[in-house]
Amino acid sequence: MSKSLSYNRHGFTLILLSICLMVIVFLGITLSTVLNSNYVKKVVSSDTNVTLIRNYTNQRLGRLVNSYSVSTDLSAVNLTNKDVRRIINVSVDEVYDDDSQLTIGSNILATISTKLKDQANKYGLNIDSEIDTVIKSNEGIMNQIVNNDLGPIETVIERVQTIKRLIKTVMVIAAVLFVILALRLRAKVGSNMLFFHHLGTVGICTSILLAMLLGCTYFPLQDLIINNIDYNVRDVLYNVLNGIFISYISIIFMVFIVSILDWGSTVKYKY
């Protein structure tokens with residue numbers, strides 16, 4: 001039997017290998033980006049996003065804390081970029097700890113409380129207890145405002161740890177299947193170079209499948225943001241989504257280039 005005929009006979013195995021590798025790569029990228037708190041902090045904390053979040057937060061605060069006489073003369077109620085970055089770090093950690101009740105609003109108000117007290121002390125005002133009362137009375141409202149603005153995103157991020165465990169389980173199963181299929185393929189082709197040529201084919205097919213899967217994932221998420229997320233938060237989520245999308249594209253492109261090089265360097269062993 002010729003090597004060319006042997007190559008054609010393994011098409012189903014190559015498809016299965018491509019699917020397994022697609023699952024491993026896609027979920028691996030997801031774990032290292034979307035479900036990685038440090039990566040999310042880095043993306044969300046970009047200068048553009050911090051400015052958008054600061055403007056959104058200050059606008060919301062204008063409807064709450066500023067309306068109370070105890071704080072109307074204190075300019076410290078407005079957040080700075082440094083304050084926003086601190087709140088982002090605390091809030092992202094909370095989300096990725098699988099907290100069933102998000103308290104991002106409380107984190108914002110806690111920062112405001114500290115700033116108000118510092119500012120009051122500079123003016124010689126002893127109103128810490130009054131500030132605490134104002135902040136405490138607004139925690140529930142602020143949390144509800146933030147949660148409403150996040151919309152359905154909140155119901156997903158509350159289960160981050162559960163999703164991560166599920167993804168890791170699926171990746172392990174896909175990896176085991178990939179190894180078994182790869183060993184079976186190597187035993188059948190009887191040639192290392194022909195085996196590596198097949199792996200190059202698998203990599204190319206995987207890149208194409210990943211690109212299709214990414215397209216099918218990106219646009220529904222884009223529609224979800226447009227249709228369900230408050231306009232104040234929408235630009236931030238767009239920036240985060242596009243940043244993560246670029247990470248996926250770069251890794252898919254890298255897999256495709258490496259696979260093309262492998263496939264091209266071993267193509268003569270196909271015949």
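What percentage of the 271 residues in the chain do buried residues make up? In this predicted model, buried residues account for 44% of the 271 residues. The chain contains 11 helices and zero strands, so that its elements, read from the N terminus on, are α throughout, in the order α-α-α-α-α-α-α-α-α-α-α; of the contacts with a separation of 6 or more, 80% are between residues 24 or more positions apart. The accessible surface of the chain comes to about 14200 Å², and carbon and sulfur atoms contribute 63% of this area.

The largest nonpolar core comprises 52 residues, among which Leu-17 and Ile-88 touch the most other members. Helix 2 (residues 11–32) gives the most to this core, with 10 residues. A second, separate core consists of six residues, including Tyr-218, Ile-225, Val-233 and Leu-237. When residues up to four places away in sequence are not counted, Ile-88 touches Val-44, Ser-45, Val-50 and Ile-53.

Ile-88 is also one of the buried residues of helix 5, a group that includes Val-84, Ile-87, Val-92 and Val-95 as well as the polar or charged Asp-83, Ser-91 and Glu-94. Helix 5 (residues 81–96) has 16 residues, which at 1.5 Å a residue should span 22 Å, and the distance of 22 Å between its end C-alpha atoms agrees with this expectation.

Three salt bridges were counted in the model, and helix 5 takes part in the following two. The side chains of Asp-83 and Arg-86 meet at 3.2 Å, N to O, and, because these residues are three apart in helix 5, about one helical turn separates them. Asp-83 is buried, since its relative accessible area is 6%, whereas Arg-86, at 39%, counts as partly exposed. The side chains of Asp-47 and Arg-85 form a salt bridge at 2.6 Å, N to O, and this pair links distant parts of the chain, with Asp-47 in helix 4 (residues 47–62) and Arg-85 in helix 5, 38 residues apart. Asp-47 counts as exposed at 56% relative accessibility, while Arg-85 is partly exposed at 28%.

A further salt bridge joins the side chains of Lys-117 and Asp-132 at 2.6 Å, N to O. Because Lys-117 lies in helix 6 (residues 104–122) and Asp-132 in helix 7 (residues 128–150), the pair ties together parts that are 15 residues apart in sequence. Asp-132 is partly exposed, with a relative accessible area of 36%.

On the surface, Phe-253, Phe-256, Ile-257, Ile-260 and Leu-261 form a nonpolar patch with about 460 Å² of accessible area together. Within this patch, Ile-260 is placed in helix 11 (residues 231–265) and counts as partly exposed at 35% relative accessibility.

Conventions
Residues numbered from 1 in each chain as written. Predicted model: local features only at pLDDT ≥ 70, side-chain atom pairs only at ≥ 80, totals over all residues. Heavy atoms only, no water. Patch = residues over 30% accessible without salt bridge, like charges linked within 9 Å, V, L, I, M, F, W, Y side chains within 5 Å. Areas by Shrake-Rupley, 256 points an atom, 1.4 Å probe, with all protein chains shown as cover. Salt bridge = Lys/Arg side-chain N within 4 Å of Asp/Glu carboxyl O. Helix = DSSP H or I, 4+ residues; strand = E, 2+ residues; numbered from the N terminus. Buried < 20%, exposed > 50% of the residue type's maximum accessible area, 1.4 Å probe, protein only. Expected span 1.5 Å × (residues − 1). Contact = heavy atoms within 4.5 Å. Core = buried A, V, L, I, M, F, W, Y, C linked by side-chain atoms within 4.5 Å.
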